[in-house]
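Ready to work through a few short exercises with a structure viewer open? Take each task on your own before you read the solution below it.

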Amino acid sequence: MSSYIIVGAGVFGVSTAYHLKKQIPSASVTLIDRTDPPCPIAASHDINKIVRADYEDIFYCSLGLETLHAWKTDPFFNQWFHPAGLLTVTDGKSRLIEKILENLKKLDAKSGADSFTPREISAKFDGMFSDMRLRPDDKLLFNGSAGIAEAEKALSATIQACMHLGVRYVAAPVSRLIINDKVCKGVQTDDGRTLSAENFILSTGAATAKLIADSAPQQAELQVGPRITARAVCCAAVQLDEQQVRKFKKVPAVAHHAGGTQGETMPPVDNLLKFISDISFQNTVFHPESGQQISVPFTDQSRSQWTSPDYIPSELKEDLDNVIKSLYGKEASGLKTTTMRLCWDGITSDNNWFICPHPRCANLFVATAGSFHGWKFLPIVGRYVVQMLQGTLGEDMVQRWSWDRPLHSYPDPDRPNREWQDIKIEGP
């Protein structure tokens, strides 16, 4: 009987456990994370997430259509999906909208996506976007086939489904991997336990670089290096009254990336209206045992779960305030942020994930680096991880998600070279 330990119970880890047990019922699968499920500081633990196929890269456009189909047709996942549609805003120089439409046409998606003028969008949604901050040459795309999913509920339900299938869940922080002679032999938890298996899958997101550095500090060939950077964005939730719920329930999800606005919002779930500032930052520190500079999530995890806005720096609150006002203008009057959090993820320079064996450590596999666009693939991404484990993954995916692929970067206004240490900290 084959055995697997999956470190990290976010989207990649949970989807992998789910598909492993469905495809190989006899396999021994252990899913381990820091707390009882779902872990409140994980990027996957959230109010809601956008589910879309609107990608400039036709590869992810195709995957997006596949996962949208699963959200809409699989009775298990469909209960958490809402077909809200997605409004995308870009500046006039960007070709993102044209590329999305080209990709959807090439894939014969029949999504109904189309370009709109600001006046048309305002009329379509009863004037809700009449005061959106736009410039004359900004472009707008509405795709009614996109939607949102209730993130924490869907993730929790999938974890419970995994356990019903026979997956063992262990709630314990992992302190290190046990690596001897470039072979992964086990994982050690903070309380001193050692867990063993034949195969180990890292779905550790923003924590990946530090975990490997802690585990094999003197083995430079094993390190993550520039492949994955821990970065965070700031999110806010507004508690709505009944009148506000009726008002904002009718709007689509919005991704606004024009001018000085870089942010998103989604229709409310449980009377909570969520906003995201997509201007991310990293937290680079010196790792003395390995001699590396690496970005790591905070040791103090209070800001990484929903908390009082008093704990969030004013610079990040100003970013979010700009997003809220840019999206809704006068319609945002009366909205008061209730809670905020910093959401960490593992980011790659080329926006591609890692779903691959670690080429220099036997028995160790990597399935992570969602790069702030992985959550929507909860229903399907584990299927591709299982294919990777079985050696049946398509060659295009093997190359795209490999550990040693060339890392091509591209200009991205959402990822300026902003460090946490340069952000003014106030509050408790």
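The exercises below go from the whole chain to one strand and one threonine, and then to a small sheet and the cysteines; keep in mind that this is a predicted model.

**Exercise 1. Describe the chain as a whole, and decide how its radius of gyration compares with the globule rule.**

Step 1: Begin with the secondary structure, which comes to eleven helices and 22 strands.

Step 2: Set the radius of gyration of 21 Å beside the 22 Å that the globule rule gives for 428 residues; the two are close, so the chain is as compact as a globular protein of that length.

Step 3: Add the extents: the C-alpha trace spans about 65 × 50 × 40 Å along its principal axes.

Step 4: Look at burial and surface. Of the 428 residues, 57% count as buried, and the chain exposes about 17500 Å², with carbon and sulfur atoms supplying 50% of that area.

Step 5: Finish with the contacts. Among those with a separation of 6 or more, 77% are between residues 24 or more positions apart.

**Exercise 2. Place strand S16 among its partners: which strands pair with S16, and in what sense?**

Step 1: Find S16 at residues 261-265.

Step 2: Turn to strand S15 (residues 253-258), which runs antiparallel to S16 and is joined to it by five bridges. Here His-257 stands opposite Gln-262.

Step 3: Check the connection. S15 and S16 form a hairpin with two residues between them, and Gly-259 in the turn has a positive phi of about 65°.

Step 4: Go on to strand S17 (residues 272-282), which pairs with S16 over three bridges, again in the antiparallel sense. This hairpin has six residues between the strands, and Asp-270 takes a positive phi near 55°.

Step 5: Inspect both faces of S16. Thr-261, Gly-263 and Thr-265 point one way, Gln-262 and Glu-264 the other way, and all are buried.

**Exercise 3. Work out the surroundings of Thr-265: is this residue buried or exposed?**

Step 1: Use the cut-off for buried, which is under 20% relative accessible area. Thr-265 has a relative accessible area of 0%, so it is buried.

Step 2: Identify its bridge partner in S17, which is Phe-275.

Step 3: Follow the side chain of Thr-265, which reaches the backbone oxygen of Lys-274 at 2.8 Å.

Step 4: List the contacts, leaving aside neighbours within four places in sequence: Ala-253, Val-254, Leu-273, Lys-274, Phe-275, Leu-327 and Tyr-328.

**Exercise 4. Draw the open sheet that contains S8, and name its edge strands.**

Step 1: Write the order of this three-stranded sheet as S3-S8-S4, with antiparallel pairing.

Step 2: Mark the edges, S3 (48-51) and S4 (81-82), each of which pairs on one side only.

Step 3: Join S3 to S8 (residues 147-150) with four bridges; the bridge partner of Val-51 in S8 is Gly-147.

**Exercise 5. Why is Cys-234 not bonded to Cys-235?**

Step 1: Recall that a disulfide needs two cysteine sulfur atoms within 2.5 Å.

Step 2: Compare the distance. The closest cysteine sulfur to that of Cys-234 is in Cys-235, 6.6 Å away, and this is too far for a bond.

Step 3: Widen the view to the full structure, which holds zero disulfides.

Step 4: Check burial as well. Cys-234 counts as buried at 3% relative accessibility, and Cys-61 is buried with a relative accessible area of 0%.

Note on methods
Residues numbered from 1 in each chain as written. Predicted model: local features only at pLDDT ≥ 70, side-chain atom pairs only at ≥ 80, totals over all residues. Heavy atoms only, no water. Buried < 20%, exposed > 50% of the residue type's maximum accessible area, 1.4 Å probe, protein only. Polar contact = N/O pair within 3.5 Å; in protein donor to acceptor, adjacent residues only side chain to side chain. Contact = heavy atoms within 4.5 Å. Pairing = 2+ DSSP bridges. Rg over C-alpha atoms; globule rule 2.2 N^0.38 Å. Areas by Shrake-Rupley, 256 points an atom, 1.4 Å probe, with all protein chains shown as cover.
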